[in-house]
Amino acid sequence: MNMLVTPTSPATPNGTTRPQVRIVIVGHVDHGKSTLVGRLLHETGSLPEGKLDMLKAVSARRGMPFEWSFLLDALQTERDQGITIDTTQIRFRTNSRDIVLIDAPGHAEFLRNMITGASQADGAVLIIDALEGVRDQTRRHGYLLHLLGVKQVAVVVNKMDRVDFSAERFKAISDEISAHLSGLGVKPTAVIPISARDGDGVAERTDRIGWYKGPTVVEALDALEPARPLEALALRLPVQAIYKFDDRRIVAGRIESGSLVAGDEIVIMPAGKIARIKTVESWPVTPVAGRQGAGRSVGITLDRELFIERGDIIAHANAAPRETRRLRARIFWLHDKPLAKGDQLLVRSGPKESRATVVAIEKAVDPGELSSSENKAIGRNHVGEIDISLSNPIATDPYTENPRTGRLVIEVSGRIAGGGLVLSVDAGQRAVPVDIVPVESALRPDERSARYHHNGAVVWLTGLPASGKSTLAKALERRLFSNGGSPILLDGDTLRAGLNSDLGFTAADRSENIRRLAEVATHLARNGHIAIVAAVSPAREDRAIARRIADTAFREIHVATPAEVCEERDPKGHYKKARAGALASFTGIGNDYEKPEAAELVIDTSKRTVAEAADEIEQMLKSSGVLFDEVVDLAANI
Amino acid sequence: MHLLKDDSADVGVSSPAPIGRSGSQEFSADVAPSMDHLDQLEAQSIYIFREAFARLKKIALLWSLGKDSNVMIWLARKAFFGRMPFPALHVDTGKKFPEMYRFRDHYGKEWDLDLRVEPCPPIDAVDPTLPPAARSAARKTEGLKMALAKYGFDGLIAGIRRDEEATRAKERVFSPRGLEGNWDVRDQPPEFWDHFNASPPQGAHLRIHPILHWTEADIWAYTKRENIPIIPLYLAKNGKRYRSLGDQDITNPVNSNASTIDEILIELEQTKVPERAGRALDHETEDAFERLRVAGYL
């Protein structure tokens, strides 16, 4: 037996092309999706010859009454279980459209398959059983259509025969689902009463629904518009790869929005480097003249050799995306383990990938529930809003400004675990100065980490004067170096002698002192070194700024030696001078040291030896992914 | 049209006609030419090829010599500006039509392919409980497993299409295979917005399907537009033609008078006979095809 539904040709031999629209049928399990599809194929004359008779014969042989849904139950396993497992693609025609129908399973277990199907759709049909009304999966699918960016949604109220074609029942359901959808910003294109089994409302307005004046399902499908390429928006060309197969250096990618032509001045984000497009390359004819628009996979060469890598975004210089290390997203979550604050993820935005940390869960709800009870973590098949911090800056747009680049996908352990829309990007105060062209290192991070056996990090030792920060910093430096690593000590006092010699001890100068320390340390960390900063850094806000600069590379260690021990040690004689009133703004004898609230490690040096304290720091660096014993899966650390 | 004709020169090859593209490239600097259906399919396939090449370590393209895999090679050359930067793997049952072998040897050279021909094990080595045609096809699955073990590919590019057969409609673009090369249809990862799961477990591999979204008619329309060479068995001779080419002993021609690609396109408009109707293995039992796919058949 062959279950194939014959495709119809979208491109007819005489060269005319009918608009092709991809649609998905979604809704609660058993509300009649497969039956509607079977009926649609029949009504539009799309069934292969003899198919209906064959299926009727098979049904008779199995002693079952014929059901329209059998047409779709292509896999034997599905027939046995009586549910549709996965998305199948079936084609048929209405008067003016070629429809590619992507079936999507209603069973909650298969939400990932529903999402796989629906993400490819230009429009959707949301089906509701007239008897059962709006159910949790109906609401969930409605919500996901919104998150997936499917804007054209037709609602069908099926099984009207089971409610005696009651106009009142229809209106009640229509009102409820319309309210739910408009709450999500989705306006249904039609709400249609049907009986998929008997055919009412599918291709014909029968007498039994004589009170209904709107379009039939086939007419509603006929009115759907195919997705348009986003040519009117600003240029976004995410870089998939750089090819050097011959003497050309071709930057390859697909134009997600806007258009480009040879001669355009472009900016490469997030680095902000400027260049001009020299040629647009192709094959077999190259180079190509003329403008290339959104949707095209292209290759370009530039007028100068710049370091470009996969994941960069090429834009026009006056309309570049924002560079950010922090963004808020509205996401759906498909992973078994709920997503919680502090979780480490891999975020993909087009070809760009970046490790990320969940900084906050702002919302976590089950979109199937009527009352949205808030949770701390986003459970499987639930949705939420999260703030994430990225270890590499990415260039992105809010989805309201660019639906293609304003979305991202989340991976856990190499498997897609969720996805969603970028709501806002926190570009900070750092505007991108396009006339500054930072020079990229010739080395990749993984080359350095392979040599040093560690990732770059900023180890920030904070504590009272004489608490033991410098002693610990030097012990740690020695130990990391002995193991083949690349530690660099940044002592606050040492830097004050040079780089920071223009700074005094006012609050503003102290803040600037810390900011510079953090910037230098972060630069070292990004280049694979472990920067060990020993600085009193008494202000919590200043340390918070340092953490923001160094981001996921930051490891704060509170050297929490009791104040009286510190004063007793007093190796530099500072406490003595301060007590004598000879040292203004000295931290230690007042109450001006603000203890860290969430340091990665707290060490009291009065209770352990230097070696023991260094052990603890080493352990913390291992468990938090800075140090690694073996060179395992370096790719995961990039 | 650019054909490998039965009756042409000794090698069985005609020289390529000049490329005649139908107005899809308007050379204006102001407005980008709009993309037609084939342009969209092409751009999507190129995107998939580039993702596979960027994200996997060692890939190969499965070249069955048929119309679909020829289109794939063409698309790969578009993606990589003229050359396919990974091997073309032909898992050879030894039972293909002579025209197919001639085609392989000629275009393997002309297209500068890194061609790897790998044999299949003898039929006795294959599960005897399968029906005869399925058993024959399963031989190819074994040959493929041997090639995988030999080269250690982590990704194989295959020219299957969703419209071919209902089982294939359930495929992902990047489709993980188990350690035995098997396909777990019930536990497929989600795939959306052209983000693909590209991390196969240690020892397993991925199937990559760059033309999953194409139809049979798309393949022919594109073959015509791009002037891609084909094996002449696809064109009708004496009222018969092959719609799909497999092993000689398990592939049958269909009744047809379509002797040009245009005529094939018209025929496809009208027919309601499935493409793989000439493939014996699809018809043996209701689940023969599914059993094969679960076991790693293409």
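1. Let's start with a strand pair in chain A of this predicted model. Strand β10 (residues 265-269) and strand β14 (residues 313-316) of chain A run antiparallel and are joined by 4 bridges. If you want to find the pairing on screen, look for V267(A), whose bridge partner in β14(A) is A315(A).

2. That pair belongs to a bigger arrangement: a closed barrel of 6 strands in chain A, with antiparallel pairing and the order β7-β8-β13-β11-β10-β14. On average, neighbouring strands of this sheet are turned by 50 degrees against each other, direction ignored.

3. What lies across β7 (237-243), β8 (250-254) and β13 (297-302) of chain A? The answer comes from the other chain: helix α1 (residues 37-55) of chain B, running at about 55 degrees to β7(A).

4. Now for the nonpolar cores. The largest has 185 residues, and those with the most contacts inside it come from both chains: I23(A), A118(A), A124(A), V156(A), V157(A), L61(B) and I157(B). Helix α1(B) turns up again here, giving the largest share of this core with 9 residues. Another core lies apart from it and has 43 residues, including L480(A), A521(A), I532(A) and A613(A).

5. I157(B) is worth a click of its own. Leaving aside residues up to four places away in sequence, I157(B) touches A52(B), I59(B), A60(B), L61(B), L62(B), M72(B), I208(B) and P210(B). One of these, L61(B), is also listed with I157(B) among the residues with the most contacts inside the largest core.

6. Helix α3 (residues 98-110) of chain B makes a nice worked example. With 13 residues at 1.5 Å a residue, α3(B) should span 18 Å, and its end C-alpha atoms are indeed 18 Å apart, so the two agree. Which residues of α3(B) are buried? They are M100(B), F103(B), R104(B) and Y107(B). Seen down the axis of α3(B), the buried residues fall within an arc of 100 degrees, which means that they line one face of the helix.

7. The surroundings of α3(B) fill in the picture. Its buried residues pack against β2 (88-92) of chain B, while the face turned away from the buried side carries the exposed residues P98(B) and K109(B). After the helix comes D112(B), with a positive phi near 55 degrees.

8. Finally, chain A as a whole. It has 15 helices and 25 strands, and 49% of its 638 residues count as buried. Of the contacts in chain A with a separation of 6 or more, 72% are between residues 24 or more positions apart.

Methods. Residues are numbered from 1 along each chain as its sequence is written. Chains are lettered from A and ligands numbered from 1 in the order in which they are written. This is a predicted model: local features need pLDDT of at least 70, side-chain atom pairs count only at pLDDT 80 or more; totals for chains, interfaces and linings use all residues. Helices (H or I, at least four residues) and strands (E, at least two) are DSSP runs, numbered from the N terminus. The expected span of a helix is 1.5 Å times one less than its number of residues. A residue is buried if 20 or more other C-beta atoms lie within 10 Å of its own, exposed if 12 or fewer, and partly exposed in between; C-beta atoms are placed from the backbone. The arc is that of the directions from the helix axis to the C-beta atoms. Two residues are in contact if their C-beta atoms, placed from the backbone, lie within 7 Å. Two strands pair if DSSP finds at least two bridges between them. Axes are lines fitted to C-alpha atoms, for helices over the stretch in contact, and angles run from 0 to 180 degrees between N-to-C directions. A nonpolar core is a set of buried Ala, Val, Leu, Ile, Met, Phe, Trp, Tyr and Cys residues joined through C-beta atoms within 7 Å.
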